[in-house]
Amino acid sequence: MHDDLHKTWQGELKKWFGGIPVLTKLVLNHRSANLSTEEHAVLRAAMTEVREYGPKELVIIAGHELDASLLLLEGFMGRFVDDPGDSRHMMAFHVAGDFVDLHGYPLKRLDHDVRTLTSARAAVLPHEKLDVIQRQHPRLALKLWYLTMLDAAMHRQWIIRIGRLRALGRVAHALCETNARLFAVGLSDGVHFELPLRQVDFAAVCGLTGIHFNRVIRELRERGLATFRHQVVDIHDLPALVQLGEFQADYLYLNPDTAKRVMGQSLARGGMPA
């Protein structure tokens, strides 16, 4: 069974769609700095294999030496730090099209674990291949660096979200950000998306307990703003949710049309797609 799957994954390394390699088509999708057709081809050629992971699987161990970085193709992964009291804290989560550990290329090890939140698949980019990209394709290397800057920008927003917003605003902001990130890679239609995370995991994103998070979700539903039920999110009034969460999409560096869409500025009255 494993051999059959491995052959399927190796075949996926060779697939193209509309002149773009399937493996890399989500990288910087709808961002202000996207990849050229040539850069997609170079990046795909550097990928050596596709790996499959189960849910809640430890992918990268803090402190262990790294010789490759992973491009998430499907599913969700999170970054976690364990404190001295053995409590685990999620510091970020990743969606398809994200490199989950590209900053491990210069650092060679991480100060946190990376775990899957759901079943996931990821393409492997050896660091020796990144050395070649740096030398021979400096513009592509700069765009990969851009990806790590996006991670840093989102991390700053998480700090601000938890530090200054009340619970209702935190959840509203987190839903808006998740909607924007998934819309950019074609996994949200702008107001509806699957979010196959446990609510307790998403509560951690907002710095809330599961009980407090459930109360907030109920209030959002009662206000007619959004529902989160059975791992599906429906946003009923995106402009109002954006306002409640004080969400600004500029830190995601989306292209102008995409930014307007995820801010609810190109929606019909009532928060639905125009």
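The protein has ten helices and twelve strands, and the model you see above is a predicted one. Here are a few exercises to work through with the structure open.

**Exercise 1. Get an overview of burial, surface and contacts.**

Solution. Start with burial: 52% of the 274 residues of the protein count as buried. Next, turn to the surface. The accessible surface of the protein comes to about 13500 Å², and carbon and sulfur atoms account for 52% of this area. Finally, take the contacts between residues at least 6 apart in sequence: 71% of them join residues at least 24 apart.

**Exercise 2. Work out how the buried residues of helix 4 are arranged, and find what they pack against.**

Solution. First, locate helix 4, which covers residues 127–136, and pick out its buried residues: His127, Leu130 and Ile133. Second, look down the axis of helix 4: the buried residues fall within an arc of 100°, so they line one face of the helix. Third, check the other side of helix 4, where Glu128, Arg135 and Gln136 are exposed. Fourth, list the partners. The buried residues of helix 4 pack against helix 2 (37–46), strand 5 (68–74), helix 3 (104–107), strand 9 (120–126) and helix 5.

**Exercise 3. Decide whether Leu142 is buried or exposed, and name the surface patch it helps to make.**

Solution. Begin with the location: Leu142 sits in helix 5, which runs over residues 138–164. Then apply the cut-off, by which exposed means over 50% relative accessible area. Leu142 has a relative accessible area of 52%, so this residue is exposed. Now bring in the other residues of the patch: Leu142, Trp145 and Met149 make a nonpolar surface patch of about 360 Å².

**Exercise 4. Place Met77 in the fold and find its distance to Leu117.**

Solution. Met77 belongs to strand 6, residues 77–82. Its relative accessible area is 0%, and because buried means under 20%, Met77 counts as buried. For the last step, compare chain and space: Met77 and Leu117 are 40 residues apart along the chain, while 5.1 Å separates their C-alpha atoms.

**Exercise 5. Find how many disulfides the structure holds, then classify Cys176 and Cys206 by burial.**

Solution. Recall that a disulfide is a covalent bond between the sulfur atoms of two cysteines. A search of the whole structure for such bonds finds zero disulfides. Now take the two cysteines in turn. Cys176 has 0% relative accessibility and therefore counts as buried. Cys206 is buried too, with a relative accessible area of 0%.

Key:
Residues numbered from 1 in each chain as written. Predicted model: local features only at pLDDT ≥ 70, side-chain atom pairs only at ≥ 80, totals over all residues. Heavy atoms only, no water. Patch = residues over 30% accessible without salt bridge, like charges linked within 9 Å, V, L, I, M, F, W, Y side chains within 5 Å. Areas by Shrake-Rupley, 256 points an atom, 1.4 Å probe, with all protein chains shown as cover. Salt bridge = Lys/Arg side-chain N within 4 Å of Asp/Glu carboxyl O. Helix = DSSP H or I, 4+ residues; strand = E, 2+ residues; numbered from the N terminus. Buried < 20%, exposed > 50% of the residue type's maximum accessible area, 1.4 Å probe, protein only. Disulfide = S-S within 2.5 Å. Arc of directions from axis to C-beta. Contact = heavy atoms within 4.5 Å.
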